[in-house]
Amino acid sequence: MNIHAASTDSRVPPENNRLLRALLRQPVDATPVWAMRQAGRYLPEYRKVRERAGSFMQLCMTPELACEVTLQPLRRFRLDAAILFSDILTVPDAMGLGLRMNDGEGPQFERPLRTAADVGRLAVPDPEDRLRYVLDAVRLVRRELAGSAPLIGFAGSPWTLATYMVEGGSSKEYARVKGMMFQDAVTMHRLLDINARAVTMYLNAQIDAGAQAVMVFDTWGGVLTPRDYREFSLRYMRQVVAGLKRESDGRRVPVILFTKAGGSWLEDLAASGCDAVGVDWTTDMAEARKRVAGRVALQGNMDPSILYASPGRIRQEVQIILDSYGPGPGHVFNLGHGVHQQTDPDRLGIMVDAVHELSAKFHSPAGAAAPIQSG
Ligand code: 1CP
């Protein structure tokens, strides 16, 4: 089934479907590019809206403002995707843990989970009720984008959410969450199963509201041993993937899994049922491509620190990554993790333009015109 037929009406601007095509390993005219944390504090226009909102949560909970900051980076740069402005921690907040984002201190939960009884009281939140503000933002962004770029929805992985829910915030050593994992695996599995069901419902609600691709952020899967990663993180991401709607409006909805520092588990991620795997800069793209053997698309993987370098050095690094992936579809250019707060916005623009310019030789110009087949 076609997910996109090229428009023949010259008054209608063509849809930008590079991202969706690349995630499904279909031909494109140039490698699509977006950046994790492309909306955020490195943009002065974001800081202004954030100030107007009063707090980070107020910004997330006001659909018009969340929509505005989602679109800001697309006004500055020729990005091939918008990512919804929200946070992975809205889900535990909707479960009643009480999220506070304190300036300079990072996220904090008022009621973290410390005992089996705390976990026993948890329930899967109805996204249409407790997370309606996110779904309203998705609907608004889709309307505003009007096809100029696809919208990515997202959620945290069950394990990554659990680290914040048990620790009560960010952590360096994961003492509490690993303590629960080793001392009371039954409770940990119960928590991860609830999180997996919550994330599945939440992502399906985002898809129903108009998200055209979804990404699961497993930021802290990489702190586990290979065995624990499979049991406590990968297993529950597979549960999420298995429960997701894969088609909406007659179009395939690609699913991206990203485990930060997960380079040693690429084969497992590729076999999880997802369409694309995010790769950070500690893995070489050529090697990653060989290892996933055409089963999934790859997204990544420039070190965000390269954006502190000169324009020439940024272009050189873009070239290295494009050459490393090589010709053909299935690559979405991205950073290996989020844009740093200190980044000069112009440097991100240099990266985006370099990706389009330098990648054209790896694709055929007719690539974008061919209809997309359902994966
Ligand atoms: O006040 C502010 O502006 C706070 C900074 C901030 C921002 C801009 C936070 C707090 N969250 C966000 C937005 C956000 N978070 C997005 C927006 C969309 C985009 O990418 O442009 C997304 C996708 C996230 C996802 C997120 N939140 C992750 C997974 C991705 C990643 O970066 O690894 C994680 C781990 C979080 C938790 C979180 N929220 C905020 C902070 C500072 C953190 C990280 C804390 C930590 O390091 O433990």
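The following exchange goes through some helix packings, buried residues and backbone features of a predicted model.

Me: What makes α8 roughly parallel to α11?

Reply: Helix α8 (residues 132–145) and helix α11 (residues 185–209) pack at an angle of about 30° with their axes 8 Å apart. Angles under 35 degrees count as roughly parallel, and therefore α8 is called roughly parallel to α11. The crossing of α8 and α11 is right-handed, and the contact is made by V134, L135, V138 and R139 of α8 together with Y202, A205, Q206 and A209 of α11. By class, this contact of α8 with α11 has six nonpolar residues, one polar and one charged.

Me: Why is α4 called oblique to α8?

Reply: Helix α4 (residues 63–76) and α8 pack at an angle of about 45°, with their axes 8 Å apart. Since angles under 35 degrees count as roughly parallel and those of 65 to 115 as roughly perpendicular, the pair falls in neither class, so α4 is oblique to α8. The crossing of α4 and α8 is right-handed. On the side of α4 the contact includes P63, E64 and A66, and on the side of α8 it includes Y133, D136 and A137. Sorted by class, the contact of α4 with α8 has ten nonpolar, one polar and three charged residues.

Me: How do you know that the length of α11 agrees with what its residues should span?

Reply: At 1.5 Å a residue, the 25 residues of α11 should span 36 Å, and its end C-alpha atoms are 36 Å apart, so the two values agree. Just after α11, G210 takes a positive phi of about 130°.

Me: Why is α11 described as largely enclosed by the rest of the structure?

Reply: The description rests on a count, because 18 of the 25 residues of α11 are buried. Helix α11 is also among the elements against which the buried residues of α10 pack, the others being α6 (116–120), α9 (158–167) and α12 (226–243). Those buried residues of α10 (residues 175–183) are V177, G179, M180 and M181.

Me: What makes T219 count as buried?

Reply: Buried means under 20% relative accessible area, and T219, at 14% relative accessibility, therefore counts as buried. Its place is in the loop between β5 (213–218) and α12. Not counting residues up to four places away in sequence, T219 touches T160, K260 and H337.

Me: How do you know that A276 is buried?

Reply: The relative accessible area of A276 is 0%, which is under the 20% limit for buried residues. A276 lies in strand β9 (residues 276–278), and, leaving aside its neighbours within four places in sequence, A276 is in contact with L23, V255, I256, L257, V296 and A297.

Me: Why does A261 count as partly exposed, and which feature does its backbone show?

Reply: At 40% relative accessibility, A261 lies between the limits of 20% and 50%, so A261 counts as partly exposed. A261 has a positive phi of about 60° although it is not a glycine, and A261 lies in the loop between β8 (255–259) and α13 (266–270).

Me: Is Y174 buried or exposed?

Reply: With a relative accessible area of 5%, Y174 is under the 20% cut-off and is therefore buried. Y174 has a positive phi of about 60° although it is not a glycine, and its place is in the loop between α9 and α10.

Note on methods:
Residues numbered from 1 in each chain as written. Predicted model: local features only at pLDDT ≥ 70, side-chain atom pairs only at ≥ 80, totals over all residues. Heavy atoms only, no water. Axes fitted to C-alpha atoms, helices over the stretch in contact; angles between N-to-C directions. Helix = DSSP H or I, 4+ residues; strand = E, 2+ residues; numbered from the N terminus. Parallel < 35°, antiparallel > 145°, perpendicular 65-115°, else oblique. Left-handed = near helix turned anticlockwise from the far one by under 90°. Contact = heavy atoms within 4.5 Å. Nonpolar A, V, L, I, M, F, W, Y, C, P; charged D, E, K, R; others polar. Expected span 1.5 Å × (residues − 1). Buried < 20%, exposed > 50% of the residue type's maximum accessible area, 1.4 Å probe, protein only.
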